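Work through the exercises below with the sequence and the coordinates open. Each task is followed by a solution in steps.

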Amino acid sequence: MELLTVTAYSVEFVKDPFGILAGRRYEFLIDLDLDEEDELYSAKGIYLRVVYGVEDGNGSIVKHDLIEKETDRHLDFELEDDELEELAAFCAEHYREAE
């Protein structure tokens, strides 16, 4: 069952010029289509900014932010565990597109 409806996304490799971070980092910007009944819904639109890390073939979400599109205002909401799992699976499927 799809919990998060992605309408558009972009992914970029995040350069680490100082070699501080272990593994590789990717930044996703993911536009979501939310039902008006969803507590995250905003008429201005919502997108996710996700930093996804990959080390030794294993990936995970390092950080994620929910952001209102028109205002770029960070929303103080946390995704549910099942939504985070779905988001991690999405990132795992698409991070190689930044290579």
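The exercises concern a predicted model, and they go from the core to the rings, the salt bridges and the surface.

**Exercise 1. The nonpolar core**

Task: Find which residues of the largest nonpolar core touch the most other members, and which elements each supply at least two residues of this core.

Solution.
- Step 1. The largest nonpolar core holds 20 residues, and the ones that touch the most other members are F28, I30, L32, L48, V50, L66 and L87.
- Step 2. Strand 2 (24-33), strand 3 (46-55) and helix 1 (81-94) each supply at least two residues of this core.
- Step 3. Strand 3 gives the largest share, five residues.
- Step 4. As background, nonpolar side chains in soluble globular proteins tend to be buried together.

**Exercise 2. Two core residues and their contacts**

Task: State whether F28 is buried or exposed, then list what F28 touches beyond four places in sequence and do likewise for I30.

Solution.
- Step 1. F28 belongs to strand 2.
- Step 2. Buried means under 20% relative accessible area. F28 has 0% relative accessibility, so F28 counts as buried.
- Step 3. With residues up to four places away in sequence not counted, F28 touches Y9, S10, V11, L48, R49, V50, Y52, F90, C91, H94 and Y95.
- Step 4. For L48, one of these contacts, the C-alpha atoms of F28 and L48 are 7.6 Å apart, with their positions 20 residues apart in sequence.
- Step 5. Leaving aside neighbours within four places in sequence, I30 is in contact with V6, A8, Y9, I46, Y47, L48, V50, L87 and F90.
- Step 6. Y9, L48, V50 and F90 are among the contacts of F28, and they are also among those of I30.

**Exercise 3. Aromatic rings**

Task: Count the aromatic pairs, and describe the geometry of the pair formed by Y26 and Y95.

Solution.
- Step 1. The count comes to six aromatic pairs.
- Step 2. In the pair of Y26 and Y95, the ring centres are 5.0 Å apart and the planes make an angle of 55 degrees; the pair is tilted.
- Step 3. This pair links distant parts of the chain, since Y26 is in strand 2 and Y95 in the segment after helix 1, 69 residues apart.
- Step 4. Y26 and Y95 are both buried.
- Step 5. Ring pairs join Y9, F13, Y26, F28, Y52, F90 and Y95 into a cluster. F28, from the previous exercise, is thus a member of this cluster as well as of the largest nonpolar core.

**Exercise 4. Salt bridges**

Task: Count the salt bridges, and work out which residues are joined into one network through shared partners.

Solution.
- Step 1. There are five salt bridges.
- Step 2. E27 and R49 form a salt bridge whose closest N and O atoms are 2.6 Å apart. E27 lies in strand 2 and R49 in strand 3, so the bridge ties together parts that are 22 residues apart in sequence.
- Step 3. E27 has a relative accessible area of 22% and is partly exposed; R49, at 24% relative accessibility, also counts as partly exposed.
- Step 4. D65 forms a salt bridge with K63, the closest N and O atoms being 3.1 Å apart. D65 is at 16% relative accessibility and therefore counts as buried, while K63 is partly exposed, at 40%.
- Step 5. Salt bridges with shared partners join E27, R49, K63 and D65 into one network.
- Step 6. Another salt bridge pairs D31 with K69, with 3.8 Å between the closest N and O atoms. This pair links D31 in strand 2 to K69 in the loop between strand 4 (58-68) and strand 5 (73-75), 38 residues apart.
- Step 7. D31 is partly exposed, with a relative accessible area of 23%, and K69 is partly exposed at 36%.

**Exercise 5. The surface**

Task: Identify which residues make the nonpolar surface patch of about 380 Å², and decide whether E93 is buried or exposed.

Solution.
- Step 1. The patch is made by F18, I20 and L21.
- Step 2. F18 sits in the loop between strand 1 (5-14) and strand 2.
- Step 3. Exposed means over 50% relative accessible area. F18 is at 70% relative accessibility, so F18 counts as exposed.
- Step 4. E93 is part of helix 1. Its relative accessible area is 59%, so E93 is exposed.
- Step 5. The C-alpha atoms of E93 and V54 are separated by 12 Å, and the two residues are 39 residues apart along the chain.

Methods
Residues numbered from 1 in each chain as written. Predicted model: local features only at pLDDT ≥ 70, side-chain atom pairs only at ≥ 80, totals over all residues. Heavy atoms only, no water. Core = buried A, V, L, I, M, F, W, Y, C linked by side-chain atoms within 4.5 Å. Buried < 20%, exposed > 50% of the residue type's maximum accessible area, 1.4 Å probe, protein only. Helix = DSSP H or I, 4+ residues; strand = E, 2+ residues; numbered from the N terminus. Contact = heavy atoms within 4.5 Å. Patch = residues over 30% accessible without salt bridge, like charges linked within 9 Å, V, L, I, M, F, W, Y side chains within 5 Å. Areas by Shrake-Rupley, 256 points an atom, 1.4 Å probe, with all protein chains shown as cover. Salt bridge = Lys/Arg side-chain N within 4 Å of Asp/Glu carboxyl O. Phe/Tyr/Trp six-rings, centres within 6.5 Å; stacked < 30°, edge-to-face > 60°.
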